[in-house]
Each structure stands twice: as structure tokens, then as C-alpha cells.
There are 2 protein chains.
Amino acid sequence: MKKKLATLSDIARQLNISVSTVSRALHDHPAINIKTKKKVRLLAEKLNYQPNLLALNLLNRKTNTIGVVVPEITSYFFSSVINGIQDFVNDTNYQLIIGQSEESCEKEKNILQALAKVRVDGFLISPTSETVKPDYYNGLIKSGIPLVLFDRDCVGAKADKVLVDDYDGAFQAVEYLIKTGCRRIAHITGPSDLSISNHRLNGYLDALKKYDLPKQEHRIIEVEGFSPEYGVKAAKKILESPDLPDAIFAINDGIAIGAMYVIKEAGIKIPDQISVVGFDDEPHSSYFIPPLTSVWQPVYDMGMLSARILLNKLSRHRQDKSLRFELLKPELIIRKSSLNLPRE
Amino acid sequence: MKKKLATLSDIARQLNISVSTVSRALHDHPAINIKTKKKVRLLAEKLNYQPNLLALNLLNRKTNTIGVVVPEITSYFFSSVINGIQDFVNDTNYQLIIGQSEESCEKEKNILQALAKVRVDGFLISPTSETVKPDYYNGLIKSGIPLVLFDRDCVGAKADKVLVDDYDGAFQAVEYLIKTGCRRIAHITGPSDLSISNHRLNGYLDALKKYDLPKQEHRIIEVEGFSPEYGVKAAKKILESPDLPDAIFAINDGIAIGAMYVIKEAGIKIPDQISVVGFDDEPHSSYFIPPLTSVWQPVYDMGMLSARILLNKLSRHRQDKSLRFELLKPELIIRKSSLNLPRE
DNA sequence: TTGTATTATGCAAAGGTTTGCATAATGATT
DNA sequence: AATCATTATGCAAACCTTTGCATAATACAA
């Protein structure tokens with residue numbers, strides 16, 4: 001049943017002319033007689049001729065496909081970035097192939113390998129929390145496949161990078177907490193190999209330092225994942241201590257939401273007793289009670305920009321060695337899970 | 001810099017044998033001398049020979065790629081289905097190309113067209129809420145591209161279908177509400193062209209009927225979208241009326257969450273005064289206070305199964321005309337946004 | 001009529017692989 | 001020595017398109 005589509009030679013045969021003439025006619029080549037062109041176009045239309053992209057791929061040694069590899073697609077964060085990528089790519093004739101590394105370095109490598117095998121023209125990658133060495137990335141780059149890293153950094157990778165200024169976002173959040181009178185600010189941080197964890201942690205620490213607040217080890221809790229259940233765990237640990245914090249700055253909204261749940265269940269008032277601030281500003285977050293204060297990130301723009309940089313690089317065949325490093329600005333969105341005015 | 005990878009003819013030249021021998025040697029063809037095979041394999045290894053898939057695609061007239069088209073990827077629901085698809089496909093040598101229709105029939109058509117052009121071997125589609133005629137789908141099928149519809153139905157499409165028994169899920173939810181003493185149950189329904197809206201609405205209506213409760217038009221509110229802000233709008237409308245419901249069954253969790261927000265802000269107690277039930281059982285939903293009662297759907301399995309059916313179909317070259325219709329069972333997850341025991 | 005310019009078309013290679021068929025080379029049989 | 005069977009290899013077509021170069025066909029000038 002697999003209907004064979006019409007090819008150039010079908011048209012050529014029916015019109016008793018050569019394949020090359022047909023090809024040129026359809027491309028409006030000046031050397032072709034106008035009457036021939038008309039005949040060819042008419043028949044092509046009638047036969048619903050579609051150029052065979054597989055043949056073109058082979059000829060041009062490119063697929064017009066780019067590989068996107070993210071830790072997971074079920075999170076609002078990454079799916080929104082992909083959204084931005086999609087929207088940019090939509091206006092081009094590129095297609096997206098998407099892979100999930102599930103935070104596994106091994107798995108990431110397999111995906112990259114598979115996608116290199118199907119000859120994607122370039123990569124957009126957000127490294128796993130395990131990926132610490134840039135070797136494999138650099139191998140791909142060296143073999144001629146350009147690559148843009150987004151959201152998460154991998155130090156030493158010779159790739160373009162589009163990141164968010166996590167340090168700044170964290171600093172804003174914590175400075176704001178301090179200005180509203182919080183003095184015992186806890187931080188729930190992420191996997192320590194992850195660039196964003198460290199940048200946010202540093203932002204937190206530097207904000208404390210700026211206002212001469214002590215760094216207190218026991219107020220820094222590390223979690224291994226980003227979903228609410230890890231927030232629940234962390235918050236329970238925090239509440240066990242008799243020395244309660246007056247604010248919690250969580251590495252992301254998922255964690256913050258888990259924490260809020262535990263805190264409210266324990267009968268502690270948010271924000272009167274404890275302020276809570278998240279990171280990501282997920283759409284759901286503003287429908288919690290109280291709505292969650294959070295650091296918004298330009299996720300969609302990050303996707304758009306990453307795609308733009310990659311496609312731009314692909315379009316200039318002579319590759320220039322220059323690498324772009326973009327640092328997008330996050331923004332603190334203040335809602336009711338934190339105070340508006342200094343406490344008492 | 002674009003390094004050219006080794007080809008069969010590179011190997012052949014160096015070994016002074018023909019390309020076909022090399023090809024056969026690498027495929028362990030019985031007619032090839034064992035010593036030749038060894039030589040070839042050794043050199044192939046050394047040159048890091050990778051078969052050029054573009055050439056194979058052209059030769060086999062297939063790409064080992066399948067197109068997935070969903071209304072949006074940023075929702076938990078669809079991204080989880082994709083997750084299931086990915087996981088199934090991972091163990092094969094198929095790749096996924098993903099498109100977003102954004103609930104626009106026009107856009108969906110464009111995507112399908114583009115993907116057909118790049119010669120995907122098959123489609124996994126969840127139709128938009130606008131897609132009412134199956135013509136374009138059937139066109140694709142007729143042209144030889146198999147197609148599996150998931151989650152949302154399109155009546156008349158001659159495709160395999162993997163759906164969830166939305167009717168049953170809604171019926172379960174509403175029957176449970178009735179059994180816990182609710183008598184004035186409102187329903188927030190979705191776009192009326194959408195199969196899932198109708199099935200859930202019918203489940204709601206039939207449950208009422210079974211318990212001799214009247215269908216009350218003013219308790220049925222239609223929304224055009226699935227995110228919380230639509231739930232807010234709908235709930236406001238419901239609260240305007242003096243005749244408050246004692247339960248709200250929302251078409252999905254997003255709507256339910258928006259509604260809960262408004263209800264709680266209005267100082268109405270959940271579930272004491274109004275029970276709220278959603279649909280989808282998103283991970284966030286259990287961290288609201290009160291945690292949301294919701295109808296869980298086997299999203300991941302739906303993805304897995306859809307992919308399995310499609311790949312199965314692709315593997316048997318003689319296509320059989322038989323179409324599968326799978327109806328997966330949802331499950332009511334009772335939490336604290338609804339009563340456990342009959343009221344009063 | 002011959003030569004030159006102009007215009008329109010075709011040939012063939014390239015891109016990399018697989019595979020049916022033909023053939024070369026070897027060994028065995030009579 | 002001649003014939004046959006066996007084993008190993010190569011040729012060429014097919015998948016479909018683009019494009020440099022050659023050539024055919026026509027018109028025009030000398």
C-alpha cells in the first residue's frame with residue numbers, strides 16, 4: 001500500500017525529457033525554456049511531486065535536524081525551554097529530535113551517540129547533574145557538530161553557552177528576605193556537582209555576607225532531586241531542630257512547595273513565622289495559598305536564544321571559532337509566601 | 001573542520017577489495033572468506049567506521065523516525081505521555097520528532113505535512129481541540145503512513161487508538177461525591193468539540209442520573225483552556241450565584257486548582273462546604289492544602305502502549321487492516337479536598 | 001555556405017549502501 | 001586433461017537529487 005511518491009524521473013519519462021531538465025525547471029533555472037518550465041510545473045503539480053528529502057540529505061551531507069538533550073521533559077522548566085526552541089525552529093526548515101538523559105551521564109552519552117549517528121546537524125544540551133567532564137562534548141565539537149549548552153554549565157566545554165544568572169537571582173531573593181527582616185535564613189540547595197546549585201548557593205552566601213549575617217552550616221540542606229517530595233524531606237529536617245529559621249530559600253519551586261506543605265501542616269504560619277521563596281516561578285506556584293514568591297527565569301527566551309545561536313552557527317559554513325556566552329537576567333516575583341514589609 | 005567519516009569505499013580502497021565485499025564482510029555474509037572478514041573488521045574498527053544512515057534511509061525508503069504531535073508539551077499530562085513513548089522507543093533504533101499543535105488545527109496540519117515531508121515512518125497524534133474532521137489523518141494513512149491516535153479521539157479516523165476511559169473516570173468521581181453526601185454537584189467542562197470533554201461530561205451526567213439527581217444547566221460551566229486561570233474564572237462565576245454547589249468536579253487538575261484558590265480566598269471551607277475533585281492527578285496536586293482528590297490516568301502506559309502499537313505495525317511490512325482500540329482504566333485517588341464520609 | 005554566438009538540453013558523477021547476478025579462482029572428481 | 005562443484009569476489013543497478021561540463025539545436029552575421 002505504501003504509495004510511491006512521484007520522482008523527478010517519473011516526470012522526465014512522461015515528458016520525454018531528462019531528469020536534469022526537470023530538476024532545473026522546478027528550480028527556475030534561467031537556462032530552461034519557459035515553455036518547458038510550464039509543462040514540468042504543471043505535471044509536477046498534477047503528480048503532487050515532493051522532493052525526496054532523503055536523497056537531498058545524502059547529497060548535502062546534512063539532515064536539517066537538531067538534537068535537543070535535557071535531563072527530563074516532564075518538568076515545567078525544560079518543557080518551556082523546548083517550547084522556545086520549537087517556536088524558533090518552526091520558522092526554519094529544521095526539525096527537533098528530543099532526548100532525555102534522566103540526569104544520567106551514561107544515558108546522556110548514549111543519546112548523543114545515537115543522535116550523532118543519525119547525523120543531527122547540531123546539539124542543544126542541558127547537561128545532567130552528573131556530567132562534570134566536558135570531554136565528550138568537546139569530542140563532538142571536534143568532529144564538526146556544533147553544540148550549544150543551556151541553563152546548566154559544564155566548565156571546560158568549548159561550546160556556546162546560554163545560562164541564567166543564578167547567582168544574581170539567589171542574591172536578589174536573599175537580599176530581599178533580609179530587607180524584610182529575616183535573619184535566620186535557611187537554604188535548600190541541590191546536587192553539589194550542578195552549576196546552578198553552586199551559583200545559587202553562592203548568591204545566598206554573598207547576600208548573607210553583605211549584611212553581616214553569619215553562614216550557618218546547619219541551615220543549609222542539600223537535596224538530590226527537584227520534586228516536592230525532596231522538599232518535604234528537607235523541611236522535616238529543618239523543623240526537627242529547635243532553632244527554627246525565619247525564612248527558607250529553596251533551590252526551586254518544587255522543593256519550596258514540598259516545604260510549604262510540611263510547614264503549614266505543622267501549624268506554622270507562612271509568611272508570619274517563616275517566609276518561603278522558590279526559584280523558577282512555575283505557573284502553579286501562584287495558586288498555592290499563600291502564593292509562592294519565586295525567582296522568575298526567562299525560560300522561553302533561553303530556548304529561543306539557544307536555538308538562534310545554533311542555527312546561526314550552522315548557517316555560516318566557514319565556522320568562526322568565537323564562542324558566545326549569554327547570561328540572562330532572572331527576576332524576583334514577590335507574592336504572599338514572604339513578607340512585604342519588615343517584620344515587627 | 002567537518003571531518004568526513006570513513007566510508008565503505010575508504011576501507012575497500014585501503015584493502016584493495018571491492019565495496020560490496022566490505023559491506024558483506026561487515027554483515028558477516030557466509031560467502032566471504034573468514035580472513036577477509038577479519039581484515040575488514042579490523043580496519044573498520046581502526047577507522048571508526050559508522051554506516052551512513054542517510055544512505056540507508058534513501059535505500060530503504062525509511063527513516064526510523066516517528067513523529068509525535070501533541071497540543072502542548074509544557075503540560076504534565078502530555079510530557080508524561082511523551083516520556084512513556086520515549087522509554088519504549090529507546091530500546092529500538094527509532095528516534096522521535098516532536099511537534100506542538102497548540103490546539104490549532106491549522107498548525108497541526110502544517111506539522112504533519114512537514115513531518116511527512118521528512119519521511120517519518122509513522123505518527124503518534126493527540127488531536128487538537130479543534131480537529132473535528134478525520135480527513136487529513138485518513139489521507140496520511142492512505143498514503144501509507146501508519147498512525148496511532150492517543151488520549152483524544154477523532155471520530156471517523158481509520159487509525160489505531162489508545163484512549164483513557166474518561167467516561168468511567170468521571171462517573172467514578174461523581175458517584176463518589178454523591179456517596180459522600182453531595183447533592184449539588186457542579187461540573188467545569190472543557191471545549192465542547194473535544195472528545196474527552198464530552199466523555200467526562202457524560203460520565204458526570206450519567207452518575208447524576210443513576211442517583212436520580214437532576215441535571216442543572218447552571219451548574220455546568222464550560223472553559224476554553226486547561227490552566228488554572230480558567231479555573232479561577234469558572235469558580236468566580238459559580239460563586240456569584242447565591243445557589244452554591246456542595247461539590248465541584250473539574251475537567252482537570254489545572255482548573256480544579258484555580259477553582260480551589262478562589263474558593264479558599266472567599267473563605268469557603270474545602271471540603272466541609274465544597275468538595276473539589278480534579279482529573280489527571282498531577283504530582284503537584286497532592287501538595288496543595290487540602291491535597292486534591294483527582295482521577296489518575298495511566299499516562300505513562302498510554303505513551304508506552306501507543307508506541308508499541310505503532311512500532312508493531314511498522315515491523316510487519318504486509319500491513320493488516322485490523323485496527324486496535326485500547327481503553328485504559330483511570331482510577332480515583334481520594335485526598336482531603338473531598339469528604340471521606342457522608343456529610344452530617 | 002561557413003562560422004560564431006546564443007539558447008536549451010542531456011550526460012554523468014557524486015553522495016554511501018545493499019544485493020542479485022555474473023565471474024574468477026580453486027579444489028575435487030572422473 | 002577435462003569437467004563439475006564449490007568458494008570467494010566484483011559489477012552494476014537501485015534509491016533520488018543536484019550540478020559542472022559537453023553538446024545539440026537554432027539563429028544570426030559575414
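## Contacts with DNA strand C

A polar contact is a pair of N or O atoms within 3.5 Å. This model is predicted, and it places several such pairs between protein and DNA. In chain A, a backbone N or O atom of A:Ser18 lies 2.7 Å from a phosphate oxygen of DNA strand C. A:Thr36 reaches a phosphate oxygen of DNA strand C with a polar side-chain atom, at 3.0 Å. In chain B, B:Ser23 also uses a polar side-chain atom, 2.7 Å from a phosphate oxygen of DNA strand C.

There are 28 residues around DNA strand C. A:Thr21, A:Arg24, B:Leu8, B:Ser23 and B:Tyr49 come nearest. B:Ser23 thus appears both among these nearest residues and in a phosphate contact.

## The surface near the DNA

What is the make-up of the surface near DNA strand C by residue class? Its residues divide into 13 nonpolar, 12 polar and 3 charged. On the DNA side, consider the atoms of strand C within 4 Å of the protein. Sugar or phosphate accounts for 61% of them, and bases for the rest.

Both chains supply helices to this surface. Helix H2 (19-26) and helix H4 (53-60) of chain A each give at least two residues. Helix H2 (19-26) and helix H4 (53-60) of chain B do so as well. H2(B) gives the most, with 4 residues.

## A sheet in chain B

Chain B holds an open sheet of 6 strands. The order is S7-S6-S8-S9-S10-S12, and the pairing is mixed. Which strands form the edges? They are strand S7 (220-222) and strand S12 (331-333), and each pairs on one side only. From one strand to the next, the twist averages 20 degrees.

Take one pair from this sheet. Strand S8 (residues 247-250) and strand S9 (residues 275-280) of chain B run in the parallel sense and share 3 bridges. B:Ile248 has B:Val276 of S9(B) as its bridge partner.

## Helices on the sheet

H8(B) packs on the sheet. It touches strand S6 (185-189), S8, S9, strand S10 (293-296) and S12 of chain B. The direction of H8(B) makes about 165 degrees with that of S9(B). Helix H11 (residues 253-265) of chain B lies across S6, S8, S9 and S10 of chain B. H11(B) runs at about 155 degrees to S9(B).

## Two packed helices

Two packed helices are described by the angle between their axes and the distance between the axes. For helix H8 (residues 166-179) and helix H9 (residues 195-210) of chain B, the angle is about 35 degrees and the axes are 7 Å apart. The crossing of H8(B) past H9(B) is right-handed.

Residues of H8(B) in this contact include B:Tyr167, B:Phe171 and B:Val174. Those of H9(B) include B:His199, B:Tyr204 and B:Leu208. By class, the contact has 9 nonpolar, 3 polar and 5 charged residues.

## Backbone details in the loops

Two cis peptide bonds can be located in loops. One joins A:Ile289 and A:Pro290, with omega about -5 degrees. A:Pro290 sits in the loop between strand S9 (275-280) and strand S10 (293-296) of chain A. Another runs from B:Ile270 to B:Pro271, with omega near 5 degrees. B:Pro271 belongs to the loop between H11 and S9 of chain B.

Which sign does phi take at A:Arg61? It is positive, about 50 degrees, although A:Arg61 is not a glycine. A:Arg61 lies in the loop between H4 and strand S1 (65-70) of chain A.

Key. Residues are numbered from 1 along each chain as its sequence is written. Chains are lettered from A and ligands numbered from 1 in the order in which they are written. This is a predicted model: local features need pLDDT of at least 70, side-chain atom pairs count only at pLDDT 80 or more; totals for chains, interfaces and linings use all residues. Side-chain values use heavy atoms; hydrogens and water are left out. Axes are lines fitted to C-alpha atoms, for helices over the stretch in contact, and angles run from 0 to 180 degrees between N-to-C directions. A crossing is left-handed if the near helix is turned anticlockwise from the far one by less than a right angle, and right-handed if clockwise. Contact means heavy atoms within 4.5 Å. Ala, Val, Leu, Ile, Met, Phe, Trp, Tyr, Cys and Pro count as nonpolar, Asp, Glu, Lys and Arg as charged, and the others, Gly among them, as polar. Two strands pair if DSSP finds at least two bridges between them. A residue is near a molecule or strand if one of its heavy atoms lies within 4 Å of it. A polar contact is a pair of N or O atoms within 3.5 Å; within protein, one must be able to donate a hydrogen and the other to accept it, and residues adjacent in sequence count only if both atoms are side-chain atoms.
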